[in-house]
Amino acid sequence: MINFQFALFQKRRYEKLKTHLFVNRQGDFVMAFTLQIRQKKLFGKTVLDIPSLARACGFCYGSNNDFYILQENEQSQGTAVFYNPGRIGRGIFFDGSKAREGYYEISYNIPTTKADIMDFTRLAGEMERRLGKVEMYCVEEERAFSIRELEQGIENFVMFNRKSLNQFCGNKEFRSHIL
């Protein structure tokens with residue numbers, strides 16, 4: 001009986017939170033925008049080099065240590081965090097651990113700034129340029145994107161991020177987490 005009541009409480013709590021957190025159109029909690037990029041050619045997959053990709057986009061890169069402190073110019077098992085040294089932001093997570101299979105993931109955390117979203121789009125465009133024909137699929141939205149759609153959707157992404165931040169700040173349950 002206690003487990004049932006607890007489950008019911010958790011369900012009600014979830015329903016309450018669902019209206020105040022970052023929710024995509026499927027009704028799921030969204031804490032990031034993740035783009036899976038797959039190279040379409042069958043043979044001779046291109047392996048992207050993190051340092052040259054960062055330079056081409058005007059970014060710096062690093063990897064978090066055990067204490068989540070960014071170690072500049074470091075990468076860990078094909079992953080890194082790209083960031084624009086010209087402004088403060090949350091950065092873009094790059095996962096190239098399956099590069100030999102022609103598969104990459106890039107993501108930004110929500111909420112983020114318009115500048116980070118523009119940097120994300122620039123990185124996706126540079127990856128497409130280097131890889132040739134690619135397929136881009138957004139995990140959270142459960143749909144494919146083209147680079148053109150990403151570029152044209154920047155303002156919509158910005159509005160979603162602003163709305164998410166406002167909802168988070170207005171949620172009484174999370175006020176204690178805001179400094």
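Contact here means that heavy atoms lie within 4.5 Å. The structure is a predicted model.

**The nonpolar core**

By that definition, and leaving out residues up to four places away in sequence, L35 touches Y104, E105, I106, F120, A124, M136, Y137, C138, F145 and L150. L35 also belongs to the largest nonpolar core, which has 34 residues. Within this core, L35, F82 and I106 are the residues that touch the most other members. Helix α3, residues 114-131, gives the most to the core, with six residues. In soluble globular proteins, nonpolar side chains tend to be buried together.

**Strands β2, β3 and β4**

Strand β2 pairs with β4 and is also joined to β3. The table sets out the two pairings.

| Pair | Residues | Sense | Bridges | A bridge or opposite pair |
|---|---|---|---|---|
| β2 and β4 | 60-64 and 79-83 | antiparallel | three | G62 and V81 |
| β2 and β3 | 60-64 and 70-72 | antiparallel | three | S63 and Q71 |

β2 and β3 form a hairpin, and five residues lie between the two strands. In the turn of this hairpin, Y68 has a positive phi of about 60°.

**Helix α2**

Is α2 largely enclosed or largely open? Six of its eight residues are buried, so α2 is largely enclosed by the rest of the structure. Those buried residues are I50, P51, S52, L53, A54 and C57. The elements that cover them include β2 and β4, as well as β5 (92-95) and α3. Two of the covering elements, β2 and β4, are thus the antiparallel pair of the table, while α3 is the helix that gives the most to the largest nonpolar core. After α2 comes G58, which has a positive phi near 80°.

**The loop before α2**

T46 sits in the loop between β1 (32-39) and α2 (50-57). Is T46 buried, partly exposed or exposed? Its relative accessibility is 23%, and because buried means under 20% and exposed means over 50%, T46 counts as partly exposed. When neighbours within four places in sequence are set aside, T46 is in contact with Q39, K41, A99, Y104, R130 and L131. Y104 is also among the residues that L35 touches, and R130 and L131 fall within the residue range of α3. How far is T46 from Y103 in sequence and in space? The two residues are 57 residues apart in sequence, and their C-alpha atoms are 9.7 Å apart.

Notes
Residues numbered from 1 in each chain as written. Predicted model: local features only at pLDDT ≥ 70, side-chain atom pairs only at ≥ 80, totals over all residues. Heavy atoms only, no water. Pairing = 2+ DSSP bridges. Helix = DSSP H or I, 4+ residues; strand = E, 2+ residues; numbered from the N terminus. Core = buried A, V, L, I, M, F, W, Y, C linked by side-chain atoms within 4.5 Å. Buried < 20%, exposed > 50% of the residue type's maximum accessible area, 1.4 Å probe, protein only.
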